[in-house]
Amino acid sequence: MIKLYNTLTRKKENFVPINKNIVNIYTCGPTVYNYAHIGNMRAYIFMDNLRKILKYNGYNLNHVMNITDVGHMTSDADEGEDKMLKAARRENKDVYEIANKYTEYFLRDIERLNIERPEHIVKATDHIKEMEEYVKDILKNGYAYETKNGIYFDTSKLKSYGELSKVDLKKQMAGARVEVDNEKKNPLDFALWIKAPKEHLMKWDSSFGLCYPGWHIECSAMSRKYLGDVFDIHTGGVDHISIHHENEIAQSRGATGKNPAKIWMHVEFLLIDNGKMSKSLGNVYTLDDLEKRGIEPLSYRYLSYTSHYRNKLNFTWDGIKSAQTALNRLREQTLLHKDKEFNGKNEEIDKKVNEYEKMFRDAINDDINMPVAISVVWKVAREHNKSNKYFELIKKFDKVLSLDLVKDELNKENIEISEEIQMLLNERKEARKNKDFKTSDILRDKIKDKGYIVKDTKDGQIIEKE
Ligand code: AMP
Ligand code: ZN
């Protein structure tokens with residue numbers, strides 16, 4: 001049985017999907033106005049672990065992730081400047097070029113982390129009609145009103161408003177601040193549909209004139225289209241809880257009367273040197289920044305396993321270097337089991353394999369406990385009595401971990417190579433990472449003496465027979 005922590009109930013719950021074998025999931029995806037940073041990537045690694053754990057348990061998935069390619073404001077609460085427009089001005093490009101460029105980079109980044117693409121990756125700009133329909137449903141049910149600036153959700157109509165964040169938002173906000181739109185009835189009311197000022201670049205013809213959607217409505221409209229009114233799991237970052245997800249729930253209650261997801265899951269933040277990531281501190285790092293320092297993107301995935309997803313994760317350069325070293329060691333230790341005949345009885349190794357498999361499964365099924373899961377992998381890898389069965393077991397675990405523990409990326413043509421050559425290749429890879437090109441060249445010559453040629457490509461070393 002899988003247990004997942006539900007932000008809605010503040011409890012770990014036994015996971016029982018609505019339909020027997022297929023799990024319907026929605027993940028709030030990126031706003032594509034800039035390169036994604038490693039904090040963003042923590043959220044998608046979490047999403048990928050959830051996917052792969054469900055698959056490990058035999059479920060099929062129907063998973064939707066949106067791409068926000070319509071600008072929303074710098075703050076979640078409809079205020080500030082439109083992020084997409086700001087980026088377009090910064091790069092002197094049109095907003096659609098900006099969206100395409102950063103969507104491509106995002107997809108490349110998740111691939112570098114072995115993050116599988118959800119079954120549906122959907123763009124907000126392809127679903128404007130669905131959003132308008134959704135807004136109309138909310139209006140029809142009496143949960144929204146029109147002002148000269150747009151259509152607003154009327155939070156005073158919804159008794160349960162605040163059900164996810166569990167704070168009395170209404171009390172908190174009473175008389176809080178001067179409003180941008182003085183026609184808004186309550187400070188908490190939020191824009192569903194915005195009447196576009198003349199100079200606004202992204203706008204669409206609608207029953208309310210030229211408009212553009214509020215941010216929250218895209219997720220409600222797209223989740224309903226692909227997953228129905230109520231689905232199994234909704235994921236995002238902890239920053240989504242109090243505004244974005246609260247408002248998604250309000251919209252669904254307004255349109256369908258229901259909370260759209262059974263389980264709401266949220267991943268905690270990544271800190272840098274125990275503090276916030278920010279442009280002004282110059283510490284907003286991307287996967288490219290890691291690679292520039294000789295660090296493989298997957299060591300960031302490894303680092304993310306050192307902390308549970310509901311705890312903050314601290315990034316330091318020393319920490320990521322240790323993660324890289326640990327990952328290399330783990331791969332080497334794993335490889336030592338390859339093709340080895342167990343020195344002992346069959347029953348003994350089979351029993352151990354079963355025990356380890358259970359320990360791993362218990363860890364991942366306990367609300368995605370990756371720190372415990374990775375410790376189990378180490379136990380298997382470190383077994384003194386080598387066996388190919390351990391190798392196969394780690395290969396199975398890696399379907400969830402996705403750390404390339406056994407994939408021989410060095411060996412693109414699937415040439416059978418001995419363990420000795422593999423070790424030389426590993427050492428050379430390490431040397432190149434440390435920019436020790438002298439050692440790297442010596443190792444290349446050693447490998448050549450054994451009849452193989454190593455080539456360096458952007459994806460790493462490739463080996464060919466001489
Ligand atoms: P955005 O593109 O800004 O909407 O963010 C994409 C995802 O990254 C969201 O799920 C955020 O919650 C998440 N996110 C942003 N910053 C961090 C951070 N420092 N640590 C973890 N997740 C983050
Ligand atoms: Zn969303």
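**Exercise 1.** How many nonpolar, polar and charged residues does the lining of the second largest cavity have?

*Solution.* Begin with the cavity itself, which in this predicted model has a volume of about 40 Å³. Next, list its lining, which is made up of Y134, S220, S223, R224, G228, D229, F231, S252, T256 and P260. Sorting these residues by class then gives 3 nonpolar, 5 polar and 2 charged residues.

**Exercise 2.** Work out which helices each supply at least two residues of that same lining, the lining of the second largest cavity, and which element gives the largest share.

*Solution.* Two helices, α6 (215-227) and α7 (241-256), each supply at least two of the lining residues. The largest share, 3 residues, comes from α6, and S220, S223 and R224 of the lining fall within the bounds 215-227 of that helix.

**Exercise 3.** Describe the largest cavity, and explain where it lies with respect to domain 1 and domain 2.

*Solution.* The structure holds 3 cavities of 30 Å³ or more, and the largest of them has a volume of about 90 Å³. Its lining consists of R42, I45, F46, N49, V267, S304, Y305, S307, H308, Y309, I368 and M370, which divide into 7 nonpolar, 4 polar and 1 charged. Helix α1 (residues 38-56) provides the largest share of this lining, with 4 residues. Finally, because domain 1 (16-267) and domain 2 (272-412) both give residues to the lining, the largest cavity lies between the two domains.

Terms used:
Residues numbered from 1 in each chain as written. Chains lettered and ligands numbered in written order. Predicted model: local features only at pLDDT ≥ 70, side-chain atom pairs only at ≥ 80, totals over all residues. Heavy atoms only, no water. 1 Å grid on protein atoms, 1.4 Å probe; cavity = no way out; pocket = protein on both sides within 12 Å on 5 of 7 lines; lining within 4 Å. Points joined across faces, edges and corners; volume = space filled by probe spheres on them. Nonpolar A, V, L, I, M, F, W, Y, C, P; charged D, E, K, R; others polar. Domains from an automatic or database assignment.
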